[in-house]
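Got the viewer open? Let's take a short walk through this one, a stop at a time.

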Amino acid sequence: MLKCILYLAAIGAASFVIGRLLPKSWLHEDRFPFRPFAFERQGRLYEKLRIKSWQNKLPDMSRLFKHLMPAKKMNGDTLRDLPLMIKETCVAECIHLLLPLAGLYCLRLWPGAGGIVVTLLYFLGNLPFVLIQRYNRPRLQRLCALQQRTGGKREPTA
């Protein structure tokens, strides 16, 4: 069990470093697998899961490492960072999809029911973070498109 826990901690730390070093130009939010799928209905599927109400209760690396990642709060300064924030959702989704795959090695480190349970929990633990990225990316893209149309000025509300 200890080997499994140490392994998961190591791949978690390594994935953070990889996510910071991963060239953002490799990730295209308008292509598979990051492009919204039709069944997601531009993120509306995730509204049924009430992601907006629980996403800020989960750990967020941008809150822990403020100097390494763009802020997620929207203000005049962060609006110019929208394209980077969209890329960051791709990075986070990619990492949280790869972590459970790497976590399958726990089945070898801890054969039997214990390894199966840990691997399943690790998958389930990463799933909410993937869903959050898939929910937020279309929202950020719409905001970015609005900003480009209006030149950064707010459109009058009706």
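Start with everything shown: of the 158 residues in the protein, 34% count as buried. Keep in mind that you're looking at a predicted model. Color by secondary structure and you'll get eight helices and zero strands. The accessible surface comes to about 10500 Å², and carbon and sulfur atoms account for 66% of that.

Next, select helix H1, residues 2-21. Try a distance between its end C-alpha atoms: they are 29 Å apart, which agrees with the 28 Å that its 20 residues should span at 1.5 Å a residue.

Stay on H1 and show side chains. Which residues of H1 are buried? Pick out Cys4, Leu8, Ile11, Ser15, Phe16 and Gly19. They cover an arc of only 145 degrees around the axis, so they sit on the same side of H1. Spin to the other side and you'll meet Leu2, Lys3, Leu6 and Leu21, which are exposed.

What do the buried residues of H1 pack against? Add helix H4 (61-64), H6, helix H7 (106-109) and H8 to your selection to see their partners.

Now for the largest nonpolar core, which has 13 residues. Leu8 and Leu27 have the most contacts inside this core. H1, helix H6 (82-103) and helix H8 (113-150) each supply at least two of its residues, and H6 gives the most, with four. In soluble globular proteins, nonpolar side chains tend to be buried together.

Last stop: select Leu27. Leaving aside residues up to four places away in sequence, Leu27 touches Leu22, Phe34, Lys87, Cys90 and Val91.

Methods
Residues are numbered from 1 along each chain as its sequence is written. This is a predicted model: local features need pLDDT of at least 70, side-chain atom pairs count only at pLDDT 80 or more; totals for chains, interfaces and linings use all residues. Side-chain values use heavy atoms; hydrogens and water are left out. Buried means under 20% relative accessible area, exposed over 50%, partly exposed in between (1.4 Å probe, protein chains only). Accessible areas come from the Shrake-Rupley method with a 1.4 Å probe; for residues, only the protein chains shown count as cover. A nonpolar core is a set of buried Ala, Val, Leu, Ile, Met, Phe, Trp, Tyr and Cys residues joined through side-chain atoms within 4.5 Å. Contact means heavy atoms within 4.5 Å. The expected span of a helix is 1.5 Å times one less than its number of residues. The arc is that of the directions from the helix axis to the C-beta atoms.
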